[in-house]
Amino acid sequence: MNRRGRYRKFLFWCLGLDVLAMSWLGYRYMDRKVPDEIHVSESSAREVQKLLEHPLLEFDDAITVSGEGSYLLPCRLLGMIPFKDIKVTPTESSSVYVSGSTVGIYMETEGVLIIDTGEILCEGGTAREPAKNIVRPGDYIVAFNEQKVTDKKDLMEDLEVLDGDDVTLDVIRNGEKIPVSLTPVKDTGGEYKLGIWVRDNTQGIGTLTCVDEKGRYGALGHGISDVDTGELLHISKGALYQAEILGVQKGQSGSPGELSGLIRYEPGRIIGAVDTNSKNGIYGSFYDRRAGIPMKKTEVAYKQELEVGPASILCCVNGSVKEYDAEITRIDMNHEDTNKSFVIHVTDPELLEITGGIVQGMSGSPVLQNGKFAGAVTHVFVQDSTSGYGIFAETMLENIKG
C-alpha cells in the first residue's frame, strides 16, 4: 500500500472513531435528559408525552400496563432507533412541610467502628501491630469473645481483662458478619493491647429539609460518612436536636465555607429520632412541628417539572430561616449519583455576602421552584462556592416513605 493509501485509511479510521465517539456522547446526553422513571399526578397522566416532549424523540401509541397501575412508555430516537422504555407511575399530588432550619445531629454506630490500626511499643523496645491485615478500617465490632458489644464502653471493659490469650472479634464487613482472631501484645506499661483505633458516635449540624403529614422527616440530602474511613456510617440510633448558628466561615474558591453552631445535648431539646442514615440523607420521626421549627406547607414538584431557570433556597445562616434567590443551571434526570441530580447556583446578593454561596451545614436546604418543593442542596463545588449539587424532592420522599 502506497503512502497516500495509508493516509486515506488513517483518515477513515479517525472519521469512524469520531462518529462512534459522537454517537456515544449523544446517547449519554439523551440518557441524562430523558428519565428512566417518572411519577405524574393522576390529573396529568394523559399528558405524559407532552411533559417529555423532545424534538429527537417519538413515543409509541401502544403501552404496556403493569398490575400496579404504572405503565411503560416506549420511545424511539428519530422515530426509528429504539431508545428506552420509560416507567410512568400515576400518583396523587402531595404536599410536605419544608423547613430550612439548622438542626443538631447525634448518631451512635451499630457496634464499634474501627477507623485504623496502630503500632504498640512492646517491652524490650520493639514495635508490633497485632491487628494489621486482620481487621480493616470500616469494620464494625459487634462481639468480643461471643459477648455483645454495643458501644466503646463495652469494648473498653472487655479490653481491661486481656491476659495475652487470643481473642475473637465478630465484625461486620461489607454487610457480612465474620469472626477474626487477634493476639494481644504487652506494651511498655505491662498492659495488653490490640492496636486498634475505634469510634462509636458522631455529631454535627445540618439542615432539616421537610416533614410529611405522618411526621416523618428528611434532612441533609446525603448520607453521613466517617471522616477517617469515608464509609457511610451504619447506625443503631440517633437524635435530632435544636441548634443555634454562632457564626459563618465564608466560602471561596478552593476553600468551602462552614456554618458554626451550638448544640445542647439535653433531653428537652430533642426534636426527632434518626432511624436511617442512607446515601440520600438521614430520615426518621419528627416529634413536634410546634417545637420552634418554622415550616411551610408546599406542594411537591416531580423531577420532570424542574426547568433551568430561577429558583430559591430556604436556609438559616444568621439566626432565622429566609428564602434566597438562586437558579437551577443544569438538570440530570438519570445521574448515577442521585445526590447530584441538578446544579443550583446562588444569585442572592445577601446570601453571597454572608456565606459566599453554599457552605457546609447548608446540606438539606430546600430548593423551591415555581412555588413547589423541587429538591435540596447536597454539595458545594470546591472551586466555586456559589454553586453546588442538589437532590430531587421525589427521591427524598421515597426515602421518607421507606
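These legends describe close-up views of a predicted model.

**View 1. The largest pocket.** This pocket holds about 740 Å³ of space. Its lining counts 28 residues. Closest to the centre are I205, H222, I224, Q360 and S363. By kind, the lining residues divide into 13 nonpolar, twelve polar and three charged.

**View 2. Strands around the largest pocket.** Three strands each supply at least two residues of the lining: β16, β19 and β27. Strand β16 covers residues 196-211. It gives the most to the lining, with six residues. Strand β19 spans 258-263, and strand β27 spans 372-381. Find I205 here, one of the residues closest to the pocket centre.

**View 3. A closed barrel.** Six strands form this barrel. Follow them in the order β23-β24-β25-β28-β27-β26. The pairing is antiparallel. Neighbouring strands of the sheet are turned by 45° against each other on average, direction ignored. Strand β27 belongs to the barrel and also supplies at least two residues to the lining of the largest pocket.

**View 4. Strands β25 and β28, side by side.** Strand β25 takes in residues 342-346, and strand β28 takes in residues 384-392. The two run antiparallel. Four bridges join them. Look for V343, which stands opposite Y389 in β28.

**View 5. Helix α5 against the barrel strands.** Helix α5 is made of residues 393-401. It lies across β27 and β28. Its course is at about 50° to β28. Both of these strands are part of the closed barrel, where the order reads β28-β27.

**View 6. A salt bridge in helix α3.** Side chains of opposite charge can pair when their charged atoms come close. Here K153 forms a salt bridge with E157. Their closest N and O atoms are 2.9 Å apart. Both residues lie in helix α3, which covers residues 152-159. They sit four residues apart, about one turn of the helix. How many salt bridges does the model have? The count comes to 13.

How values were computed:
Residues are numbered from 1 along each chain as its sequence is written. This is a predicted model: local features need pLDDT of at least 70, side-chain atom pairs count only at pLDDT 80 or more; totals for chains, interfaces and linings use all residues. Side-chain values use heavy atoms; hydrogens and water are left out. On a 1 Å grid over the protein atoms alone, a cavity is a set of points where a 1.4 Å probe fits but cannot get out, and a pocket is an open set with protein on both sides within 12 Å along at least five of seven lines; lining residues have an atom within 4 Å of a point. Grid points are joined across faces, edges and corners, and a volume is the space filled by probe spheres set on the points. Ala, Val, Leu, Ile, Met, Phe, Trp, Tyr, Cys and Pro count as nonpolar, Asp, Glu, Lys and Arg as charged, and the others, Gly among them, as polar. Two strands pair if DSSP finds at least two bridges between them. Axes are lines fitted to C-alpha atoms, for helices over the stretch in contact, and angles run from 0 to 180 degrees between N-to-C directions. Contact means heavy atoms within 4.5 Å. A salt bridge is a side-chain nitrogen of Lys or Arg within 4 Å of a carboxyl oxygen of Asp or Glu.
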